[in-house]
Amino acid sequence: MKDETVEPNKGLPLGSIIMQTLIFLMVCLFFAVSIKSPENTSLIPTVGTVKPANVTTDLSVNSRVVLDDVAKMEPSKLLEAGKIDEAIGEAHSELKAHPNDFRTVMCAGNILSQVGDKDRGFELLKESVNLAPESRYVRLNYASRLNNAGRKEEAIQQYAILCDKFPKDWFEPHFELSRLYMASDKPNEAIVQQRIVLEDQPDNPIVRQDMALCLAAAGKEYEAFEEFSKAAKTIKDAKPYAVQARNILEKNRNSRRAIGDMRIEVATHKSDVKPRLEYVELLLYLGQNKDAKQAGTDALKTFPKNAALHLLTAEAEVKLEQDEDARQQFLQAAQLTFAKEMANSSQKKK
């Protein structure tokens with residue numbers, strides 16, 4: 001009788017092995033392509049003529065690591081140390097040695113746009129964008145340098161490119177563009193960008209306070225004060241002054257000594273608004289809102305046109321539930337911020 005017992009399979013058929021190998025190779029290829037250009041921007045439009053540059057294998061080209069790398073380069077460190085001539089010389093030397101390396105070009109552009117041949121510096125920053133057109137951070141650096149140099153319209157153009165490319169999922173260019181619009185007396189344009197940022201960061205007190213000022217400038221005073229009140233009530237460690245206040249407390253070891261030290265600073269620097277601002281901020285951070293209001297009111301006698309003092313005093317008044325006083329302080333800050341009379345609003349009497 002024929003033995004019908006089936007022997008165990010000694011291995012996979014050759015065809016099955018080939019098929020599994022092909023699938024594995026396809027998966028590897030897909031993974032390699034997916035990480036080739038992290039946070040891909042699909043080639044943001046360039047500033048000028050693109051020079052050929054091999055950046056496709058650089059996995060950090062489109063990450064914040066690029067900014068950190070440039071900050072660690074020798075010309076950047078020399079400038080940070082105040083060695084201006086050495087920084088300029090080193091920038092030129094490295095640029096000559098590596099003319100097509102976008103980090104080198106970017107670093108030299110950063111240096112020269114600040115302390116050297118500024119026109120040449122901005123030409124190099126343009127070139128850095130052309131060498132790495134897919135990198136959002138290289139263009140962000142270019143926009144930021146334009147902004148710092150007071151070249152507002154050019155900066156707005158560069159930030160707008162980034163905002164168009166990243167309409168919701170990256171807040172930095174939207175925030176910077178909103179600040180530029182504020183500085184250009186364009187509150188309505190700023191509000192559009194601020195709302196985008198707040199969708200991602202609803203508890204950001206800086207952006208919410210900025211938007212409150214813009215809403216007031218646009219004549220929407222009722223909505224503006226509501227937004228300012230929300231910003232004022234944000235937890236203390238989210239406040240922009242939190243780090244400074246903690247540093248003062250750490251330096252003095254306890255709140256009583258910190259307050260005493262700040263009082264001395266205020267008394268010995270009567271013509272300087274900075275210690276007065278820091279003193280009010282420290283009191284707000286400590287929750288001493290009544291004292292913060294008094295310190296702010298006293299400081300405004302000497303510096304009546306300082307918008308930041310009005311805002312801090314208004315914050316103390318919101319926390320003390322003195323809304324009408326807070327509203328007036330806030331509106332004064334908005335008027336000073338935009339250097340114009342506030343528009344009448346149908347919301348004003350609501």
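In this predicted model, helix 9 and helix 11 run roughly parallel to each other, because an angle of about 30° between them falls under the 35 degrees that sets the limit for that label. Their axes lie 11 Å apart, and the crossing is left-handed. On the helix 9 side, the residues that meet the partner are F175, R179 and M182. Helix 11 answers with I206, V207, D210, L213 and C214.

Helix 9 has another neighbour in helix 10, and here the geometry is of another kind. The two axes come within 8 Å and cross at roughly 150°. That value is over 145 degrees, so helix 9 and helix 10 count as roughly antiparallel. Helix 9 passes helix 10 in a left-handed crossing. From helix 9, the contact draws on F171, H174, F175, L177, S178, Y181 and M182. From helix 10, the residues involved are E189, A190, Q193, Q194, I196, V197 and D200. F175 and M182 appear in this list and also among the helix 9 residues that meet helix 11. An α-helix has 3.6 residues a turn, so residues three or four places apart point the same way.

One member of the helix 10 side, I196, deserves a closer look. I196 sits in helix 10 and counts as buried because its relative accessibility is 16%, under the 20% cut-off. Leaving aside residues up to four places away in sequence, I196 touches P167, K168 and H174. K168 is 28 residues from I196 along the chain, yet the C-alpha atoms of the pair are separated by 6.3 Å.

Another pair with a separation of 28 residues is I84 and L112, whose C-alpha atoms are 9.9 Å apart. I84 belongs to helix 4, which covers residues 84–97. With a relative accessible area of 39%, I84 is partly exposed, because this value lies between the 20% and 50% limits. Beyond four places in sequence, the contacts of I84 are L79 and V115.

Helix 9 and helix 10 also help to enclose helix 8. The buried residues of helix 8 are A155, I156, Q158, Y159, L162 and C163, and their cover includes helix 7, helix 9 and helix 10. Helix 8 comprises 14 residues, 152–165, for which a rise of 1.5 Å a residue predicts a span of 20 Å; the end C-alpha atoms are 20 Å apart, so the two values agree.

Helix 7 gives a similar check on length: its 13 residues reach 18 Å from first C-alpha to last, close to the 18 Å expected at 1.5 Å a residue. Its buried residues are R136, Y137, V138, R139, L140, N141, Y142, A143 and L146. Among the elements that cover them are helix 2, helix 5, helix 6, helix 8 and helix 9. After helix 7 comes G150, with a positive phi near 80°.

Turning to the interior, the largest nonpolar core holds 68 residues, of which F102, V138, Y159, L213, F228 and F330 touch the most other members. Helix 11, residues 205–217, gives the most to this core, with 8 residues. Several of the residues named above return here: V138 is one of the buried residues of helix 7, Y159 is one of those of helix 8, and L213 takes part in the contact between helix 9 and helix 11. F228 touches Q209, A212, L311, A314, E315, V318 and F330, again not counting residues up to four places away in sequence. A second, separate core has 25 residues, including Y279, L283, A292 and L300.

L300 is also one of the contacts of Q329, along with H310, T313, A314 and E317, when residues up to four places away in sequence are set aside. Q329 lies in helix 18, residues 323–338. Its relative accessibility of 16% is under 20%, so Q329 counts as buried. A314 thus touches both Q329 and F228.

For the protein chain as a whole, the secondary structure comes to 18 helices and 0 strands. Of its 350 residues, 44% count as buried. Among contacts with a separation of 6 or more, 58% join residues 24 or more positions apart.

Terms used. Residues numbered from 1 in each chain as written. Predicted model: local features only at pLDDT ≥ 70, side-chain atom pairs only at ≥ 80, totals over all residues. Heavy atoms only, no water. Helix = DSSP H or I, 4+ residues; strand = E, 2+ residues; numbered from the N terminus. Buried < 20%, exposed > 50% of the residue type's maximum accessible area, 1.4 Å probe, protein only. Contact = heavy atoms within 4.5 Å. Core = buried A, V, L, I, M, F, W, Y, C linked by side-chain atoms within 4.5 Å. Expected span 1.5 Å × (residues − 1). Axes fitted to C-alpha atoms, helices over the stretch in contact; angles between N-to-C directions. Parallel < 35°, antiparallel > 145°, perpendicular 65-115°, else oblique. Left-handed = near helix turned anticlockwise from the far one by under 90°.
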